[in-house]
Amino acid sequence: MQATLWIYPVETIDAALTFFCDALGLKLKFRDGDCYAAVEGDGLRLGLVAGSERIVEQPAPVFRVAAMAPELRRLLDAGARIVRPLERGPHEQRVVLKSADGITLMLTAALD
């Protein structure tokens with residue numbers, strides 16, 4: 001399993017883009033209204049989330065999996081707990097977890 005990006009909660013996409021793109025020099029790759037923007041640079045990929053897409057309150061790695069059920073089961077068996085249940089997002093199915101040590105992470109998979 002490999003992290004595809006880090007999801008980063010922000011107050012507003014406009015203000016975040018000003019900081020991440022103008023000040024830090026990251027490039028805007030994709031924007032979905034006022035809820036999501038993907039930025040990247042030098043191998044770093046961030047998903048900026050606000051409004052209804054702000055489903056975490058701290059930066060978290062996002063792991064894209066081929067099949068949600070077995071990967072979710074594996075993480076739960078390893079001591080993770082669900083903090084936001086499996087749901088259908090605008091582009092994927094997703095679940096937010098915390099590891100036994102309290103590390104927030106997200107699993108995503110293609111919609112069925």
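**Pocket, core and aromatic pairs**

The largest pocket has a volume of about 360 Å³. Among the 17 residues of its lining, those closest to the pocket centre are L5, Y36, H91, E92 and T108. Strand 1 (3–9), strand 2 (27–32), strand 4, strand 5 (60–64) and strand 8 (104–109) are the elements that each give two or more residues to this lining. Strand 1 provides the largest share, three residues. By class, the lining splits into eight nonpolar, six charged and three polar residues. The model is predicted, and the values reported here are computed from it.

One of the residues closest to the pocket centre, T108, is found in strand 8. T108 is buried, because its relative accessible area is 6% and the cut-off for burial is under 20%. Beyond the residues up to four places away in sequence, T108 touches V62, F63, R64, V65, M68, E92, Q93 and R94. Of these contacts, E92 is also listed among the residues closest to the centre of the largest pocket.

The description turns next to the nonpolar core. In soluble globular proteins, nonpolar side chains tend to be buried together. The largest nonpolar core in this model has 12 residues: V10, I13, A16, L17, F20, C21, L26, A37, V39, L46, L48 and A50. Helix 1 (13–23), strand 3 (36–41) and strand 4 (44–49) are the elements that give two or more residues to this core. Helix 1 makes the largest contribution, with five residues.

F20 belongs to this core and is placed in helix 1. Its relative accessibility is 9%, so F20 counts as buried. Leaving aside neighbours within four places in sequence, F20 is in contact with Y8, G25, L26, L46 and L48. Three of these partners, L26, L46 and L48, are themselves listed in the core. By contrast, A80 lies far from F20 on both scales: the two are 60 residues apart in sequence and 31 Å apart in space, C-alpha to C-alpha.

Aromatic contacts were examined next. The structure holds three aromatic pairs. In one of them, the ring centres of Y8 and F20 are 5.5 Å apart and the ring planes meet at 75°, so the pair is edge-to-face. This pair links distant parts of the chain, with Y8 in strand 1 and F20 in helix 1, 12 residues apart. The burial of the two partners is not alike. Y8 counts as partly exposed because its relative accessibility is 31%, whereas F20 is buried at 9%. Another pair joins F30 and Y36: the ring centres are 6.2 Å apart and the planes are at 50°, so the pair is tilted. F30 has 40% relative accessibility and therefore counts as partly exposed. Its partner Y36 is also one of the residues closest to the centre of the largest pocket. Y8, F19 and F20 form one aromatic cluster.

Backbone geometry gives a further point at D42. Most residues other than glycine have a negative phi, and most peptide bonds are trans. The phi of D42, however, is positive, near 50°. D42 sits in the loop between strand 3 and strand 4. Both of these strands give two or more residues to the largest nonpolar core. D42 itself is exposed, because its relative accessible area is 87% and the cut-off for exposure is over 50%.

Two further residue pairs bring together positions that are separated along the chain. D32 is found in strand 2, one of the elements that give two or more residues to the pocket lining. With 31% relative accessibility, D32 counts as partly exposed. The C-alpha atoms of D32 and P90 are separated by 9.8 Å, although the two residues are 58 places apart along the chain. A69 lies in helix 2, which spans residues 68–77. At 59% relative accessibility, A69 counts as exposed. A69 and A109 are 40 residues apart in sequence, with a C-alpha to C-alpha distance of 9.7 Å.

Notes
Residues numbered from 1 in each chain as written. Predicted model: local features only at pLDDT ≥ 70, side-chain atom pairs only at ≥ 80, totals over all residues. Heavy atoms only, no water. Core = buried A, V, L, I, M, F, W, Y, C linked by side-chain atoms within 4.5 Å. Buried < 20%, exposed > 50% of the residue type's maximum accessible area, 1.4 Å probe, protein only. Helix = DSSP H or I, 4+ residues; strand = E, 2+ residues; numbered from the N terminus. Contact = heavy atoms within 4.5 Å. 1 Å grid on protein atoms, 1.4 Å probe; cavity = no way out; pocket = protein on both sides within 12 Å on 5 of 7 lines; lining within 4 Å. Points joined across faces, edges and corners; volume = space filled by probe spheres on them. Nonpolar A, V, L, I, M, F, W, Y, C, P; charged D, E, K, R; others polar. Phe/Tyr/Trp six-rings, centres within 6.5 Å; stacked < 30°, edge-to-face > 60°.
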